[in-house]
Amino acid sequence: MNFSKLTKQSIRSLRPYEAKKIPCGIKLDANECPYSISDGVFAEKNFIGALNRYPDPEIKELRKVVAKNFRVSPDNILVGNGSDELIYYLIITFGGPVIYPAPTFSMYEIISRSLGEECIGIPLDRNFDLDMKKMSAAVEKYRPRLIFLNSPNNPTGNCFSDDRILKTIEALDSRTKGIVVVDEAYQPFSGKKGFLPLLKDYKNLAVLRTLSKVGFAALRVGFLAADKELITEVNKVRLPFNLNALSQSIALETFRNKEILDSWVSIIRAERERLFKELNNLNGVRPCHSEANFIMFKVDTPDIVFQRLIKLDVLVRNLSSMIKGSLRVTVGTPEENNAFIKAIRTAMHSSDTL
Ligand code: PMP
């Protein structure tokens, strides 16, 4: 049976999100946190309640704690099975056209296209900042309902300028009353405050956060913070019981142990700076400044360097089909970073053509 004939036209040409597991001892490809709580602190807690009952459908306790942390009210918070699910819900609720910069996180496009919504990537400028001429022209031309701005941006690593993000929010408000979603998945690693404090000033601003980058990718917990009425609309499409009981209770515990998460973030930020210097000192490697937990870097022969690193047991992300010459490395533990530095030195100077 040829199922692709049955598949909707808009889905047929889609490629699934790439998250293959290539076995490697040192895994620096997925922007995960190298530290995990599982072998310490709250391992002794009993998270499993009554397994025969559905979890809290309104995720009340967690929303209360998150709201306190974000300095908003629980009515301003929606919790998702990862922020991916919240991106899905936003696009289902408001529809397209959807605009995002390019290059950026691929799920804005994949989800828009899978829902049959028009979506447009607007090239960033040469510093990987928002190109305001192009953004304004796109707002005029497409009248988007949603704009996704990922800051710090995956995979380039930089934050977009605050004033350019604000101009985009204002432009969209005056033109279409559309919504700007600032995806702050990597905000904890940046020196900037982020946009949560501005929610009270801009009704058409929404902010995404996640626990995935700070040590809890396995839980699948993401947060949408926005105006109460926006949350009410998006909540209409939320699947019942979208966050399982175990994730709800462990997520609560992460907020009670925030100082541990903060200490991991500080180590990763310091290691990122060290890694940048090391890469910058290597002949033929051109790293980009990053405010996230990863660094994008350019080399002349990315496919060869990528394969050589795998041979040396180090997995990074090959971005060269999206951005010419580019690879992306996630900041690991100091030991993992040392192993990566050693491997990339070898990979860059090897005459092995594979
Ligand atoms: N936004 C960005 C920018 C990301 O890089 C990622 C993860 N790769 C996500 C959202 C999704 O995160 P989550 O694990 O919360 O679904």
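Helices are DSSP runs of H or I with at least four residues, numbered from the N terminus. The close-up views below show a predicted model.

**View 1. Helix α1 and a nonpolar patch on the surface.** Helix α1 covers residues 3–6, and Leu6 belongs to this helix. Leu6 has a relative accessibility of 64%, and a residue counts as exposed when that value is over 50%; Leu6 is therefore classed as exposed. Together with Met1 and Phe3, Leu6 makes a nonpolar surface patch of about 440 Å².

**View 2. The ligand and the residues around it.** The ligand is surrounded by 13 residues, of which Asp183, Tyr186, Thr210, Ser212 and Arg220 come nearest. In the side chain of Asp183, an N or O atom is 2.6 Å from a nitrogen atom of the ligand. An oxygen atom of the ligand lies 2.6 Å from a polar side-chain atom of Thr210. At Ser83, a polar backbone atom is 2.7 Å from an oxygen atom of the ligand. The ligand taken alone exposes 400 Å², and the protein buries 93% of that area.

**View 3. Helix α11 and the elements against which it packs.** Helix α11 comprises residues 302–311. Its buried residues are Pro302, Val305, Phe306, Arg308, Leu309 and Ile310. An α-helix has 3.6 residues a turn, so residues three or four places apart point the same way. The buried residues of α11 pack against the strands β11 (314–315), β12 (317–318) and β13 (326–330), and also against helix α12 (334–349). After α11 comes Asp313, which has a positive phi near 75°.

How values were computed
Residues numbered from 1 in each chain as written. Predicted model: local features only at pLDDT ≥ 70, side-chain atom pairs only at ≥ 80, totals over all residues. Heavy atoms only, no water. Patch = residues over 30% accessible without salt bridge, like charges linked within 9 Å, V, L, I, M, F, W, Y side chains within 5 Å. Areas by Shrake-Rupley, 256 points an atom, 1.4 Å probe, with all protein chains shown as cover. Salt bridge = Lys/Arg side-chain N within 4 Å of Asp/Glu carboxyl O. Helix = DSSP H or I, 4+ residues; strand = E, 2+ residues; numbered from the N terminus. Buried < 20%, exposed > 50% of the residue type's maximum accessible area, 1.4 Å probe, protein only. Near = heavy atom within 4 Å. Polar contact = N/O pair within 3.5 Å; in protein donor to acceptor, adjacent residues only side chain to side chain. Contact = heavy atoms within 4.5 Å.
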